[in-house]
Structure formats: structure tokens, C-alpha cells
Amino acid sequence: MNLNIALLPGDGIGPEITTEAVKVLNKIGKIYNHNFNFSEALIGGIAYDKKQSSLPIETLELCKNSDAVLLGAVGGPKWDDVDGDKRPEAGLLKIRKELNLFANIRPAYMYTALKDSCPLKDEIIKDGFNICIVRELTGGIYFGDKGKCNNMDGIEYAYDTEHYNTSEIIRIARIAFETARKRNKIVTSIDKQNVLETSRLWRKTVEYLAKEYPDITLKHMLVDNAAMQLICNPHQFDVVLTSNMFGDILSDEASVLTGSIGMLPSASLSDYNFGLYEPSHGSAPDIAGKNIANPLATILSASMMLKYSFGLIKEADCIETAVQKVLDKGYRTADIMSDGNTLVSTQEMGQLVIDNLV
Ligand code: NAD
């Protein structure tokens, strides 16, 4: 296959980790006879510095004309004082909206080799867990009306509003049910229906769609309980379906249970298999430029790209198996390092994955 990939390294550790993912993809291309053509563009703080926009129009055009997008991360303290809509993170929200990336898929898989890095007790971890969070990404409170004002009494006010409609809920719920069909056939839908009107519509709509999926067990859970259950009993979850904000919070919680946020990939999908692939973590400014960041979340995001956008299942499996082998052999970046293992740099970890692709 001949495939065009828009490459957006972004800020902080973004360039270091995407470099390793590109090397892995190029090696996969050689092994399986595919051409991955990468075109690089600016996003985030570096785009603001060079183009006064965190999402320049040429970046958006490149993404629209590509088969998929691979992104590093955006943001950092350098841009903390930049105005709201020009901030690096605003570029990320905008690209999701412009590319209609309404479904965010974040697997939280615990490699047994990384048990030592999991903050949970052994009796809770057992033989690991495998959760897939399906999060709505272009609606909800992050995109609703918002504002701030000074009242006459001098007190400052601010507000954000959450909106959802049934078609937004149905299209994300359908992805959750379809995903569950290929896994253990359980969907746990998260809401706060005891308090929020949007959550009551969410629950009613998910139940309506569930009638099309009699083979899937649907459970509902309040978000506060879900936050606890992820820690007390992560095994009960298969596919977790959430709104935008609840998914943002719960997926970070799930990520830390797997050992390190540096291990977690993500896919953000629109219709027709188009997707943007990025690690679940941020730009990690505290370790940027030191060649110590974990590139595995980005490498695994590239593997999700092969699977979801290009349908290259055996190529994706090849990357996942290589990652597993490298971890089983005891190689660790600093974030997942524990006694008895071998500490490696970002570049060494990338090379180890390449060496184990066969
Ligand atoms: P972060 O995810 O960047 O970092 C949190 C902690 O995890 C840090 O200690 C960091 O060193 C560590 N970490 C993250 N990725 C790692 C990796 N691959 N290997 C090893 N360690 C890793 O979150 P933060 O510190 O809250 O945010 C930093 C910046 O990133 C902020 O500007 C934030 O807005 C931005 N951000 C961007 C995205 C994105 O681009 N999708 C997501 C979250 C945060």
C-alpha cells in the first residue's frame, strides 16, 4: 500500500517520540512492502511561535489531504500566558473538531511485565487487566457555551455548559458496542444521571441503541463510582463508554494503573476510518530534550493507525508483539524502570522495538 501520513511532532517530547514511531513504521513498510510517506507540519506552541496560530491553515489542509495523522503532543510552560484561543491546547481541540474526530479510543492494557510499575496491590492486579475507553471527543462541556464576567458587586463569574444531542450519543455509543463485539462483549456506560440532564439523555439513548446489540451486556455506572471501581476492581471493565469530560478524567486514571502514562496510545476517529493517532500523555516539558521519554505510547499509537485506518492487522500485531518482547526482556525507560531491569533511552527503546519486529 502507498499511504500518506501527516506528521505533527508538536512540543516538548513530541519530536523525540514521533521520530521513534516513524522509524518503526518505516521498518514495517520495508518488511511488509508498504510505502509510508510522511509530511511534517506545525501544531501547538511551536506553530504559535512560527505562525502565530496553534493550528495553521496549512497544517489543517495537510491533515485533510492525508490518509491519517500522527501527532506527538502540544503545550508547555512557555505558552502559559498565551490567550485562550491561541494556546497550544486550543490547536488540539480545533483539529479534533475540524477533522470531526468524534471518537477517542484509549486502550488501558496492563502488560504483566510491568506489574511492578502498577500502583495497585497484587491481589487486585491478579494477571493484569485490559480496558478500552471509548470517549466522545467533539461535544459536551469542552465545546459548549462558556464565558466569564465581572458582576456589579466586583465578584468574578465564569460558566461552562454541557450540551449533547441524541445523534452525537448514538454515533459514539455505536462505536463502543461494535468495539465490545470484538472483545468481551460488555459495555459500561458512564454518566451522572442522578444530577445532570445531559446524563439522563445519555443513559436513555444508550439504552435505546443497546436493543440493536442483544449480544452485548450493557451496564451503567455513575462517574464517581467508576472512579472508585477502576481502582478497586479494574477487571470488571471491558469497554467503557463516556462523554468528553468524564472520559478525559477516567482515561488518565486508567492510564496510571497500567504503569505509566508513557505506555498508553490513543486513536481519535471520524467516519470512514480517518483518524488522528497520538499518545495519551502530554508534552512532558520536565523531561523534554533529554532522550529519556518513553516512546512506546506513540509507537503503539502508530500500531493503532495501521489497524484502524489502514486495516493492516498483521503489521499492527507485529508492532504490539515486538513491544511485548522488549518489555519481557526487561528493557525499560525511566518512567517504568524497576529493580533488575535494564534502563534505556528514548532512542534505544525505539531501536529495540525495531530489532524485535519480525
Ligand atoms: P504530561 O502528560 O505531559 O506529563 C505528566 C507526567 O508524566 C510528567 O511527569 C511527565 O514527565 C510524565 N510523562 C508524560 N509522558 C511521558 C513519557 N512518554 N515518558 C515518560 N514520562 C512521561 O502532563 P502535564 O505535565 O500535565 O502537561 C504538560 C503539557 O502537556 C501541558 O502544557 C498540557 O497542557 C499538555 N498536554 C498536552 C496533551 C496533548 O498534547 N494531547 C495532553 C495532556 C497535556
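This is a short talk on how one protein chain is put together, with most of the time spent on helix 1 and its partners.

Hello everyone, and a word on the ground rules. This is a predicted model, in which local features need pLDDT of at least 70 and side-chain atom pairs count only at pLDDT 80 or more, while totals for chains, interfaces and linings use all residues. Residues are numbered from 1 along each chain as its sequence is written, and side-chain values use heavy atoms, with hydrogens and water left out.

Let's begin with the whole chain. It has 12 helices and 14 strands; these are DSSP runs numbered from the N terminus, with helices being H or I of at least four residues and strands E of at least two. The radius of gyration is 20 Å, close to the 21 Å that the globule rule gives for 358 residues, so the chain is as compact as a globular protein of that length. That radius is taken over C-alpha atoms, and the rule is 2.2 Å times the number of residues to the power 0.38. Along its principal axes, the C-alpha trace spans about 60 × 50 × 40 Å.

How much of the chain is buried? Buried residues make up 53% of the 358, where buried means under 20% relative accessible area, exposed over 50%, and partly exposed in between, with a 1.4 Å probe and protein chains only. Now for contacts, meaning heavy atoms within 4.5 Å. Of the contacts with a separation of 6 or more, 74% are between residues 24 or more positions apart.

Now to helix 1, residues 14-32. I'll take three of its partners in turn.

Helix 12, residues 346-355, packs against helix 1 at an angle of about 15 degrees, with the axes 9 Å apart. Axes here are lines fitted to C-alpha atoms, for helices over the stretch in contact, and angles run from 0 to 180 degrees between N-to-C directions. The two helices are therefore roughly parallel. As for the terms, angles under 35 degrees count as roughly parallel, over 145 as roughly antiparallel, 65 to 115 as roughly perpendicular, and the rest as oblique. The crossing of helix 1 and helix 12 is right-handed; a crossing gets that name if the near helix is turned clockwise from the far one by less than a right angle, and left-handed if anticlockwise. On the helix 1 side you'll find Glu16, Glu20, Lys23, Val24 and Lys27, and they meet Thr346, Gln347, Gly350, Gln351, Val353 and Ile354 in helix 12. By class, this contact has three nonpolar, four polar and four charged residues. Ala, Val, Leu, Ile, Met, Phe, Trp, Tyr, Cys and Pro count as nonpolar, Asp, Glu, Lys and Arg as charged, and the others, Gly among them, as polar.

Next comes helix 10. Helix 1 and helix 10 pack at about 45 degrees with their axes 8 Å apart, and they are therefore oblique to each other. This crossing is right-handed. Helix 1 brings Ile17, Thr18, Glu20, Ala21, Val24, Leu25 and Ile28, and helix 10 brings Thr298, Ile299, Ala302 and Leu306. That contact has eight nonpolar, two polar and one charged residues.

The third partner is helix 11, residues 313-328, at about 130 degrees to helix 1 and with the axes 11 Å apart. That makes helix 1 oblique to helix 11, and the crossing is right-handed. Val24, Ile28 and Tyr32 of helix 1 touch Lys314, Glu315, Cys318 and Ile319 of helix 11. These divide into five nonpolar, no polar and two charged.

Is serine 303 buried or exposed? This residue of helix 10 (residues 296-308) is buried, with a relative accessible area of 0%. Leaving aside neighbours within four places in sequence, serine 303 is in contact with Ala316, Ile319 and Glu320.

Let's move on to helix 4, residues 88-98, whose buried residues are Pro88, Ala90, Gly91, Leu92, Ile95 and Arg96. They pack against several elements, including strand 1 (2-10), helix 2 (45-51) and strand 5 (130-136). Just after helix 4, asparagine 100 takes a positive phi of about 55 degrees. Asparagine 100 is also among the residues touched by serine 270, along with Leu99, Leu101 and Phe102, not counting residues up to four places away in sequence. Serine 270 sits in the loop between strand 11 (265-269) and strand 12 (275-279) and is buried at 13%.

One last stop: arginine 181, in helix 6 (residues 166-181). Arginine 181 is partly exposed, at 34% relative accessible area. Its C-alpha is 7.9 Å from that of aspartate 215, although the two are 34 residues apart in sequence.

Thanks for listening!
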